[in-house]
Amino acid sequence: MQSEVDRIAQPWGERTPYDRGGAWPVRVDSFLAPGVTADGVRRWVPSASLLHSNGDAMDIAVADGRIVGVRGRAGDRVNHGRLGPKDLYGWQANHAPDRLTTPLVRADGHLVPCSWDLAMERIVTRTRELLAESGPDALGFYTSGQLFLEEYYTLAVIARAGLGTGHLDGNTRLCTATAAESLKETFGCDGQPASYTDVDHADVIALFGHNMAETQPVLWMRVLDRLAGGDPPRLLCVDPRPTPVARHATVHLAPRSGTNVALLNALLHEIIRTDRVDHAYVDAHTVGYEQLAAQVAEFTPARAAGICDVAAAKIIEAAELLGGAERLLSTVLQGVYQSHQATAAACQVNNLQLIRGMLGRPGCGVLQMNGQPTAQNTRECGADGDLPGFRNWQNDDHVADLARVWNVEPSRIPHDAPPTPAMEIFGKAEEGDIRLLWISGTNPAVSLPELHRIRAILGRDSLFTVVQDLYLTETAQFADVVLPAATWGEKTGTFTNTDRTVHLSEKAVDPPGDARPDLDILLDYARRMDFRDKDGHPLIPWHDPESAFRAWQECSRGRPCDYTGLSYDRLRDAGGIQWPCTDAAPDGTERLYTDGITWAAPDACESYGKDVMTGEPMSEDDYRSLNPDGKAVLRPAEYEPPEEPTDDAYPLQLNTGRTIYHFHTRTKTGRVPQLNAAAPEVWVEISAAEAARHGVAEGDLVEVGSRRGALRGRLRVTGIRDGMVFLPFHYGYWDTAEGDRPGKDGGRAANETTVTDWDPVSKQPLFKTAAVRLTLVEHTDGAISPAPTTTASAPAGPCPAPPTTGGAAALAGQTDSP
């Protein structure tokens with residue numbers, strides 16, 4: 001067991017150093033409720049984390065029919081027993097007194113309790129009315145990144161083959177769509193090439209817009225333990241903020257927002273100029289090198305310096321680090337995905353790995369990271385609108401194969417147009433084309449951009465809204481029907497993390513009241529709608545998680561994400577296993593592309609690609625001409641300036657992101673005493689120079705405003721680059737005096753200010769591109785306390801809260817960016 005440390009003030013715990021090529025030592029982290037000892041635990045039930053994308057394996061402690069704690073699983077490949085703060089404390093949200101326990105329907109303008117029969121019949125009746133009046137295009141689904149694989153797959157079959165609508169997406173569009181698109185653009189198919197074990201072997205780790213320390217804290221523990229060993233890797237950090245990653249970096253580049261492509265082009269320029277290119281690898285496994293080299297030929301470090309506001313010498317130093325690496329691992333996250341030219345920039349990171357030949361070997365690879373725990377499953381199962389099993393919607397053979405699996409006619413599966421992304425779904429609801437919107441496990445009234453517009457859409461009389469969730473969220477308060485869902489620990493299912501590791505999460509306790517697992521809700525809807533296949537049999541014959549998993553296995557058979565070698569029993573015995581797992585690879589697959597590029601051939605690829613500048617889809621003929629032999633595609637990109645520049649009225653660039661203590665819109669973490677006390681309120685972050693320019697100081701109440709809206713928060717002065725304002729995006733209105741709407745003095749949600757704009761390729765909203773201004777509301781002496789200098793014991797339980805000298809104050813400035 002780990003020695004007792006304050007895991008709020010020291011979220012990464014103690015170090016267990018190890019050297020390159022060695023095994024990461026075991027360290028078992030645990031937390032039990034006050035008064036509960038290990039001897040008092042009646043059962044330990046296997047699961048994994050559901051509050052980030054790392055997939056940390058854990059066991060759930062059960063006593064007297066309640067969850068009473070968790071411990072890390074020592075033998076699991078992902079975390080070797082370690083848990084982050086959200087892992088340790090997040091389970092307490094299951095016991096929140098405001099859990100939804102009965103369905104609600106709207107009557108006379110108010111939500112009132114009702115039976116499941118009444119709630120489901122109201123949904124089914126409205127579905128049938130709209131199908132008769134307007135057809136399937138009047139129906140839309142917006143789901144989560146927190147459900148289980150079995151639930152996403154069932155939802156995809158309902159939407160695609162049951163109803164025939166193409167309006168299906170997840171909130172993973174906000175955090176991981178660019179990851180998927182960049183992998184498809186480069187490798188012809190989704191699926192992370194690298195493995196977490198590559199941290200053990202890399203001599204250089206490059207993090208592009210990825211504050212791993214807060215978004216994947218256990219993976220950061222692995223990096224910290226390498227750094228504490230005798231053969232530490234060197235780190236490159238690209239981030240405009242002084243994150244923990246930046247403080248440990250050999251080279252830290254802090255570019256101006258929206259200039260990622262310019263910076264990456266200059267890095268590519270230097271690697272090509274100094275001939276650090278693996279020409280044999282490039283010739284054997286890629287196409288497009290000549291075009292890439294030509295694109296970056298004039299993009300010198302000096303030119304990039306003028307755009308990015310980063311010294312040319314620092315860019316050259318970073319290129320030397322990348323070019324001199326023997327084993328290079330690159331990771332990417334929201335600082336790229338949610339910024340200008342998102343997919344184009346992510347593809348340039350892929351290009352860096354490929355021209356250096358750093359793929360398919362220990363320590364060599366790229367992780368286009370996910371933001372949410374089951375984001376990978378939305379993409380595999382088609383709950384993001386794509387076809388399940390990484391099938392190509394433009395390939396008639398792929399559509400026919402999916403129709404065979406579902407035993408329907410190919411014409412029944414919508415595939416005559418690209419999938420409808422989330423922002424377009426809401427746009428169609430705004431226009432009145434979508435008239436039923438079913439939202440499951442997500443809170444768009446806080447998480448989407450330009451919130452006043454989203455509230456207006458959700459409040460439309462013409463829109464029938466179903467919300468399936470754990471609590472009466474800001475979004476649920478707009479609903480016509482609210483369905484109480486079970487959550488992690490209260491249901492069984494599988495989910496897959498960023499490096500393709502599949503875990504089984506077993507039911508530990510019953511859900512409260514009449515709440516039901518999401519799978520049961522969807523199966524009930526399918527039964528009431530009486531969906532049938534072409535032979536008249538039930539379209540969805542499965543009845544529980546394990547039978548749904550077996551159905552998914554058949555859908556995945558022979559596809560890149562092949563699950564056929566897995567089973568619930570295998571996952572119980574072995575813990576996490578990486579797909580593809582087949583008879584040929586019975587123990588799973590540690591890393592992809594160890595012997596060439598596997599799924600890029602025209603007949604096999606998931607996508608024919610798009611123009612990375614415009615998003616215009618390529619035709620099959622264009623792709624066959626470009627890539628007849630199925631190699632990786634090096635996709636060059638020209639830098640273009642952001643759409644909303646700063647000016648005299650709005651002189652600052654907005655940057656939104658995360659903190660280690662919260663997840664998404666705090667619907668769970670805001671109900672956890674330790675996590676909420678660590679970061680209870682929204683804050684505003686600027687540099688010392690900007691504070692002086694604006695006449696403000698640490699702790700002042702300030703307002704950040706854009707052309708769309710404003711919010712207020714207390715000021716933190718950090719080492720963030722000049723000209724930028726940072727806001728954490730987690731905060732909404734459910735726990736404020738104003739109720740579910742912003743008060744007259746402004747709200748707390750960062751997305752009051754963000755712009756409705758998205759990447760042309762991935763359709764991911766761009767939360768880091770707005771121009772804003774900062775004004776003083778009132779001076780105050782309520783400065784944030786400094787970080788503690790000594791270690792306290794771990795919090796004893798839900799009460800008391802951790803000391804105010806720890807937590808968010810100790811980690812000021814540590815959030816996901818740029």
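**Entry 1: helix α6**

I looked up what the buried residues of helix α6 pack against in this predicted model. The partners are α1 (85-89), β9 (204-208), α5 (212-215), β10 (234-238) and α7 (244-248). I then examined how far the helix, residues 217-227, is covered, and found that 10 of its 11 residues are buried. I listed the buried residues as P217, V218, L219, W220, M221, R222, V223, L224, D225 and R226. I noted as background that an α-helix has 3.6 residues a turn, so residues three or four places apart point the same way.

**Entry 2: residue V78**

I next turned to V78, which I found in the loop between β4 and α1. Is V78 buried or exposed? Its relative accessibility is 2%, and the cut-off for buried is under 20%, so V78 counts as buried. I asked which residues V78 touches, leaving aside its neighbours within four places in sequence. The contacts are W24, N54, G55, D56, Y196, R222, N497, T501 and H503. One of these, R222, is also on my list of buried residues in α6. I also looked up the separation of V78 from L219, another buried residue of α6. The two residues are 141 residues apart along the chain, yet their C-alpha atoms are separated by 8.2 Å.

**Entry 3: the sheet of β18, β19 and β20**

T501, a contact of V78, led me to strand β19, residues 501-505. I found that β19 and β20 run antiparallel and are joined by 2 bridges. The bridge partner of T501 in β20 is Q578. I then looked up the sheet as a whole: an open sheet of 3 strands, in the order β18-β19-β20, with antiparallel pairing. The strands at the edges are β18 (493-496) and β20 (577-578), and each has a single partner strand, so one side of each is left without a neighbour in the sheet.

**Entry 4: the sheet around β3**

I moved to another open sheet, of 4 strands, and read its order as β1-β4-β3-β2, with antiparallel pairing. Its edge strands are β1 (30-32) and β2, each pairing on one side only. I recorded that neighbouring strands of this sheet are turned by 25° against each other on average, direction ignored.

I then followed β3 to its two partners. With β2, residues 43-48, β3 pairs in the antiparallel sense over 6 bridges; in this pair, A61 of β3 is the bridge partner of W44. With β4, residues 66-72, β3 also runs antiparallel, joined by 6 bridges; here A63 has R66 of β4 as its bridge partner. The hairpin of β3 and β4 has 2 residues between the strands, and I noted that D64 takes a positive phi near 55° there.

How many residues of β3 are buried? For this strand, residues 57-63, I found 7 of the 7 buried, so β3 is largely enclosed by the rest of the structure. I recalled that in a regular strand the side chains alternate between the two faces of the sheet. Accordingly I examined both sides of β3: A57, D59, A61 and A63 lie on one side, M58, I60 and V62 on the other, and all are buried.

**Entry 5: helix α20 and its two partners**

I ended with helix α20, residues 518-529, and started from its packing with α3, residues 149-163. The axes come within 9 Å and cross at roughly 20°. Angles under 35 degrees count as roughly parallel, so α3 is roughly parallel to α20. The crossing is left-handed. From α3 I listed E150, E151, T154, L155, I158 and L163, which meet D518, L519, L522, L523, Y525, A526 and M529 in α20. By class, this contact has 9 nonpolar, 1 polar and 3 charged residues.

I then looked up α2, residues 116-133, which packs with α20 at an angle of about 55°, the axes being 10 Å apart. That angle makes α2 oblique to α20. The crossing of α2 with α20 is right-handed. Which residues of α20 does α2 meet? They are I521, D524, Y525, R528 and M529, and the α2 side supplies W116, D117, M120, E121, I123, V124, T127, R128 and L131. This contact has 8 nonpolar, 1 polar and 5 charged residues. On comparing the lists, I noted that Y525 and M529 of α20 meet both α3 and α2.

Note on methods: Residues numbered from 1 in each chain as written. Predicted model: local features only at pLDDT ≥ 70, side-chain atom pairs only at ≥ 80, totals over all residues. Heavy atoms only, no water. Axes fitted to C-alpha atoms, helices over the stretch in contact; angles between N-to-C directions. Parallel < 35°, antiparallel > 145°, perpendicular 65-115°, else oblique. Left-handed = near helix turned anticlockwise from the far one by under 90°. Contact = heavy atoms within 4.5 Å. Nonpolar A, V, L, I, M, F, W, Y, C, P; charged D, E, K, R; others polar. Buried < 20%, exposed > 50% of the residue type's maximum accessible area, 1.4 Å probe, protein only. Pairing = 2+ DSSP bridges.
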